[in-house]
Amino acid sequence: MKAMPPMSEHRPSPAADPAAALAPDEGGVRAQLEGLFVHPVKSCAGVAVREALLTEAGLDLDRAWMLVDEAGEFVTQRELPQLARVVPRLGVSDVVLRAPGMLALHLAADAVEAPARVRIWDDEVDAWDMGDLAAQWFSDFTGQRLRLVRFDPEVRRLSSLRWTGGVEAPNLFSDGFPLLVTSSASLAGLNERLAAAGHAPVDLRRFRPNLVLGGVEPHDEDRLAELRIRTDTGTVRLALVKPCARCPIPDVDPDSGARGTAVGDTLRGYRADARLDGALTFGMNAIVLEGAGQVLRGGLPVAADWAFD
């Protein structure tokens with residue numbers, strides 16, 4: 001077993017209701033950081049946290065692990081919707097995974113087994129295999145032969161320079177950008193439409209965001225250029241660079257793993273995005289411009305400016 005350099009000495013704290021906070025006296029838009037989510041294993045359930053360390057590649061431990069098939073190709077809820085039922089708990093030195101009918105799987109935060117070569121979308125990167133026990137656990141749960149790998153911190157996997165405006169933004173195993181930002185108002189707008197069509201409401205777990213804004217109108221995040229978040233030690237600056245195109249994952253029930261169609265059908269009625277040739281979008285991908293190493297907490301004030309083409 002190989003020891004890994006720690007991703008950070010900070011670990012996200014358990015969730016708590018964010019306290020109200022005044023917005024900074026700057027910028028055209030004032031909002032609040034209403035929620036924070038970390039998804040340790042790509043395409044498994046996320047964890048709502050009260051605070052999280054921001055790195056240049058996003059929130060600490062977010063998408064640090066990923067599942068691959070026997071060919072080393074990444075696997076997600078697109079192929080295996082039951083992954084939504086794998087629920088992590090963040091500890092001081094480990095991540096504990098639980099799933100229905102399975103004993104808990106403990107992943108050491110500072111150890112890996114063997115080098116691996118894996119593919120995520122168009123990127124082929126070095127990674128670290130987590131060993132036979134983790135592989136067997138996921139294979140037993142899904143009925144498909146899988147391996148669990150961890151991102152190699154020596155690898156620099158960058159977002160599309162076309163969308164970042166030339167800024168080099170590193171990622172772990174996210175689809176393509178360090179952070180995903182949405183708002184509680186956007187979810188409320190979707191749920192209003194779902195209710196009008198006779199469907200049950202959904203929650204934000206289906207959209208797998210990292211940062212959730214409060215105090216804005218539905219889909220205001222689409223129209224913002226940069227977020228500035230005041231922390232205890234300084235200011236974080238995030239650029240909202242690309243709308244998040246949606247695959248079928250938001251139609252997966254996070255509690256049962258069952259697929260539906262209501263969310264996609266509803267989004268089709270009002271969220272076709274001309275910026276992405278009519279793809280359905282919900283939320284904005286973001287990159288870190290300033291503030292890596294600072295701790296984000298629920299309730300922090302946010303200032304932003306409107307984006308103008």
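How many nonpolar, polar and charged residues does the lining of the largest pocket have? The close-ups below get to that, after a quick look at the whole protein.

**Figure 1. The whole protein, before we zoom in.** Keep in mind that this is a predicted model. The protein's secondary structure comes to four helices and 24 strands. Its radius of gyration is 19 Å, close to the 19 Å that the globule rule gives for 309 residues, so the protein is as compact as a globular protein of that length. If you boxed up the C-alpha atoms along the principal axes, you'd need roughly 50 × 45 × 35 Å. Of the 309 residues, 56% count as buried. Now take the contacts with a separation of 6 or more: 70% of them join residues that sit 24 or more positions apart.

**Figure 2. A look into the largest pocket.** Here's the answer to the opening question: the lining has 13 nonpolar, eight polar and 12 charged residues. The pocket's volume is about 750 Å³. Its lining is made of 33 residues, and the ones nearest the centre are Arg78, Trp121, Asp175, Gly176 and Asn285. Strands help build the wall too: β15 (157-158), β17 (179-183) and β20 (235-245) each supply at least two lining residues. Which of them gives the largest share? That's β20, with four residues.

**Figure 3. The second largest pocket.** This pocket holds about 310 Å³ of space. Its lining has 17 residues, and Thr55, Glu56, Ala57, Pro153 and Leu172 are the ones nearest the centre. Sort the lining by class and you get nine nonpolar, two polar and six charged residues.

**Figure 4. Ser43, a buried residue in a loop.** Find the loop between β3 (29-38) and β4 (47-55), and you'll find Ser43. Is Ser43 buried or exposed? Its relative accessibility is 4%, so Ser43 counts as buried, the cut-off being under 20%. The Ser43 side chain reaches the backbone nitrogen of Gln77 at 2.7 Å. Skip the neighbours within four places in sequence, and Ser43 is in contact with Thr76, Gln77, Leu83, Ala84, Arg208 and Ile249.

**Figure 5. Helix α1 and what it packs against.** Helix α1 covers residues 132-142, and its buried residues are Ala134, Ala135, Trp137, Phe138, Ser139, Phe141 and Thr142. See how the numbers step along? An α-helix has 3.6 residues a turn, so residues three or four places apart point the same way. Which strands do the buried residues of α1 pack against? They pack against β6 (65-68), β9 (94-98), β10 (105-108) and β14 (147-151). Right after the helix comes Gly143, with a positive phi near 75°.

**Figure 6. Leu211 and its contacts.** Leu211 lies in strand β18, which runs over residues 211-214. With a relative accessible area of 0%, Leu211 is buried. Now look for Leu59: in sequence, Leu211 and Leu59 are 152 residues apart, yet in space they're 9.5 Å apart, C-alpha to C-alpha. Leu59 is also one of the residues in contact with Leu211, once its neighbours within four places in sequence are left aside. The others are Leu33, Gly35, Leu36, Leu179, Leu180, Val181, Thr182, Leu238 and Leu296.

Key. Residues numbered from 1 in each chain as written. Predicted model: local features only at pLDDT ≥ 70, side-chain atom pairs only at ≥ 80, totals over all residues. Heavy atoms only, no water. 1 Å grid on protein atoms, 1.4 Å probe; cavity = no way out; pocket = protein on both sides within 12 Å on 5 of 7 lines; lining within 4 Å. Points joined across faces, edges and corners; volume = space filled by probe spheres on them. Nonpolar A, V, L, I, M, F, W, Y, C, P; charged D, E, K, R; others polar. Buried < 20%, exposed > 50% of the residue type's maximum accessible area, 1.4 Å probe, protein only. Polar contact = N/O pair within 3.5 Å; in protein donor to acceptor, adjacent residues only side chain to side chain. Contact = heavy atoms within 4.5 Å. Rg over C-alpha atoms; globule rule 2.2 N^0.38 Å.
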